[in-house]
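Got your viewer open? Turn on the cartoon view, keep the selection box handy, and let's take a walk.

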Amino acid sequence: MRPPMRTLYRVPALSISILFIAVTGLISAGCRTAGAPAATAHPEASLSVTDPHSFARPGDVSVSHLSLDLNVDFERRQLSGTARLDLVNHSGAGQVILDTRELDIHKVTLQPGGAAAAYSLGDPVEFLGRRMSIDITPSTRSVTIEYGTRPAAAALQWLSAEQTAGGSHPFLLTQSEAILARTWIPLQDSPSIRFTWDATVHVPNNLLAVMSASDNPLEKNASGVYHFEMRQPVPSYLMALAVGDLSFRRLSPRSGVYAEPVVVDKAAWEFADTPKMIAAAEKLYGPYRWGRYDILVLPPSFPYGGMENPNLTFATPTVLAGDRSLVSLVAHELAHSWSGNLVTNATWNDFWLNEGFTDYFTSRIMEELYGREYSEMLAILSRQDLDDQIAELGAAHIDDTHLFLNLAGRDPDEGMNDIAYNKGYYFLRMIEEAVGRARWDEFLRTYFDTFAFHSMTTKGFESYLRTHLLVETPGLEARLNIDAWLYGPGVPPNVPVANSAAFSRVDEQLASFRSGASPSALDTHGWNTHQWVHFIRNLPTPLTQSQMAALDSAFHFTSSGNGEILDVWFEQAIHSDYRQAFPAMERFLTSIGRRKFLKPLYTELAKTPAGKEFALAVYRKARPGYHSVSRGTIDQILGVESGG
């Protein structure tokens with residue numbers, strides 16, 4: 001989802017116009033420096049945001065702190081216990097409104113006093129769940145909800161021992177982004193609402209529990225009871241829990257790796273540069289404010305490459321390539337500690353504020369550590385992904401190529417796409433190239449300092465950008481074409497152009513291949529993963545069976561252990577009907593659950609009757625091992641009924 005410099009940039013007082021914007025959507029107030037205490041968790045402006053994906057009315061009553069006490073039952077596939085929500089009643093309201101989805105509510109009590117509370121659950125709304133309304137009084141300080149989850153709770157993935165790397169113990173993982181926290185906790189499930197939290201979690205004593213919390217345990221204890229605390233205010237989608245047979249390896253005094261014992265040493269080697277990434281990020285945009293930065297390598301069914309849960313990035317094992325070639329994923333999730341976790345998109349319509357900023361920040365971290373040549377390869381692949389996504393969406397979904405989205409009435413997990421990442425990256429790079437890197441870096445560092453622990457809207461960022469950067473240069477705003485970037489379709493004409501000598505060398509070999517050169521005669525010495533991906537993506541399509549076989553014989557693509565290479569190679573195999581690769585493709589699709597890899601392969605297979613027949617046969621085997629996020633996507637592609 002990318003030696004510390006401690007110089008602090010003083011933030012100028014906000015102008016009258018910015019204060020006006022703050023009330024209507026900027027989601028911040030006042031100024032602070034990098035060393036100042038955390039901002040108030042619930043500024044009035046943030047509570048005025050209308051989130052189409054939440055029933056909550058935080059402008060009336062908002063949650064300021066959450067206390068969980070949960071039992072983890074692997075046999076019943078259930079979390080059960082209590083959630084105590086501390087409240088701030090802004091208006092003397094008689095109800096607090098929460099988000100729930102398929103939770104079994106047993107009892108609600110009010111504090112102080114412990115009196116039973118009247119509550120009601122609204123009718124189910126597709127993907128949003130049910131509004132939970134709890135009657136309170138002006139003196140109510142908190143509500144305690146006794147509840148349990150259901151086995152099919154969308155955020156929870158219960159893995160059998162056979163589905164893990166070690167094969168001996170079950171595993172539980174959660175995925176709360178975008179609006180799935182409500183499927184395992186009754187709360188106000190909107191990125192515009194931030195709260196602190198603590199938790200006590202009871203698990204089998206042969207397993208370890210870890211959370212997106214300030215201090216995780218380093219080893220199992222005999223009781224199976226673990227305590228957690230998050231002292232900084234965070235939005236609900238950053239709530240995360242994992243339980244399994246886990247070991248820890250230290251990378252530095254403030255970073256390390258958790259994974260199953262059979263994976264942990266490989267993971268620690270792969271992520272050895274993480275402390276350098278933290279230092280590079282701090283040098284760019286100020287201190288890391290979360291204490292520790294650890295990584296948890298999950299079983300293969302995890303639906304994403306990574307999830308930026310504070311203090312504990314969740315990562316797919318598909319990045320363990322054995323050559324550290326895919327560690328930009330760690331840089332990306334680390335960068336979220338500033339862009340996303342620290343300054344958060346106020347609604348999922350503003351998703352690009354999380355991911356576009358993070359992709360830009362990732363590029364800067366990778367450039368700092370590995371050089372401009374490396375980061376430019378990532379930029380070119382990003383542009384290829386951007387063009388592919390726009391083509392895939394087509395004219396019927398042209399609005400989804402805007403940075404600012406309109407996801408009302410849609411599941412944000414299905415509405416958010418790669419545009420936010422790649423178009424967002426190029427938008428910010430375009431501004432950097434226009435104003436110069438020094439001015440841009442100072443602006444970004446001040447931005448993170450000013451709005452730390454607050455949410456941000458697209459309109460708010462646009463106004464802050466104009467007032468604190470673009471106004472300094474007359475005519476600059478018109479040249480940048482900001483409205484077209486934020487609210488228009490496709491890629492504006494002033495998009496920056498990335499250049500890579502490393503990819504130019506690949507292009508030379510591609511030209512030789514197109515001219516008839518044998519694959520074995522191509523000069524591919526020293527190529528990294530990104531060069532191979534660029535090579536395969538740009539092969540002619542379709543290829544003959546003999547051409548595919550010759551490529552496979554020379555470079556062993558079908559038997560590669562690198563998920564990025566396998567994914568693009570299998571796409572080429574589908575286009576060219578290279579059946580020799582299909583058994584390996586089936587093994588790939590049934591052994592990983594990362595949606596980035598699954599979606600393009602199932603999409604391409606579904607385009608022909610024979611391909612769809614193969615895809616359905618594979619999916620019947622693979623579906624039980626996929627997370628609900630991946631299942632929802634593939635169900636839609638293949639026309640499979642939910643649960644079918």
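Below is a set of stops, each with something to select and something to look for. Keep in mind along the way that this is a predicted model.

**Stop 1: a three-stranded sheet**

Select strand E3 (95–100), strand E7 (130–135) and strand E6 (119–121). Together they make an open sheet in the order E3-E7-E6, with antiparallel pairing. E3 and E6 are the edge strands, so called because each pairs on one side only. Going from one strand to the next, the twist averages 20 degrees.

Now zoom in on E6 and E7, which are joined by three bridges. Click Leu121, then look across to E7: its bridge partner there is Met132.

**Stop 2: a four-stranded sheet**

Next, pick out the open sheet whose four strands run in the order E9-E10-E14-E12. Its pairing is antiparallel. The edges this time are E9 and strand E12 (208–211), each pairing on one side only. Here the twist averages 15 degrees from one strand to the next.

For a close-up, select strand E9 (156–159) and strand E10 (171–174). Four bridges hold this antiparallel pair together, and Leu156 stands opposite Thr174 in E10.

**Stop 3: Ala154**

Step back to the loop between strand E8 (142–148) and E9, where you'll find Ala154. Is Ala154 buried or exposed? It counts as buried because its relative accessible area is 8%, below the 20% cut-off.

What does Ala154 touch, leaving aside its neighbours within four places in sequence? Show Arg101, Leu180, Thr183, His627 and Ser628: Ala154 is in contact with each of them. For a sense of scale, draw a distance line from the C-alpha of Ala154 to that of Asp523, which is 369 residues away along the chain; it should read 48 Å.

**Stop 4: the second largest pocket**

Ser628 has just come up as a contact of Ala154, and it also appears at this stop. Select Ser628 along with Asp411, Glu414, Gly632 and Thr633: of the 42 residues lining the second largest pocket, these are the closest to its centre. The pocket's volume is about 1,400 Å³.

Which elements supply at least two residues each to this lining? Colour E9, helix H7 (372–393), helix H8 (412–415) and helix H21 (628–638) to see them. The largest share, eight residues, comes from H21.

**Stop 5: helix H6**

Now select residues 352–370, which form helix H6. Its 19 residues reach 26 Å from the first C-alpha to the last, close to the 27 Å expected at 1.5 Å a residue. Switch on a surface and you'll see that H6 is mostly covered, with 16 of its 19 residues buried. Just after the helix, click Gly371, which takes a positive phi of about 100 degrees.

**Stop 6: strand E11 and its partners**

Finish with strand E11, residues 194–202. Seven of its nine residues are buried, so the rest of the structure largely encloses it.

Add strand E1 (61–73), which pairs with E11 in the parallel sense over seven bridges. Leu70 has Val201 in E11 as its bridge partner. Then add strand E13 (225–235), which pairs with E11 in the antiparallel sense over eight bridges. To see one facing pair, click Phe195, which stands opposite Val234 in E13.

Conventions. Residues numbered from 1 in each chain as written. Predicted model: local features only at pLDDT ≥ 70, side-chain atom pairs only at ≥ 80, totals over all residues. Heavy atoms only, no water. Pairing = 2+ DSSP bridges. Axes fitted to C-alpha atoms, helices over the stretch in contact; angles between N-to-C directions. Buried < 20%, exposed > 50% of the residue type's maximum accessible area, 1.4 Å probe, protein only. Contact = heavy atoms within 4.5 Å. Expected span 1.5 Å × (residues − 1). 1 Å grid on protein atoms, 1.4 Å probe; cavity = no way out; pocket = protein on both sides within 12 Å on 5 of 7 lines; lining within 4 Å. Points joined across faces, edges and corners; volume = space filled by probe spheres on them.
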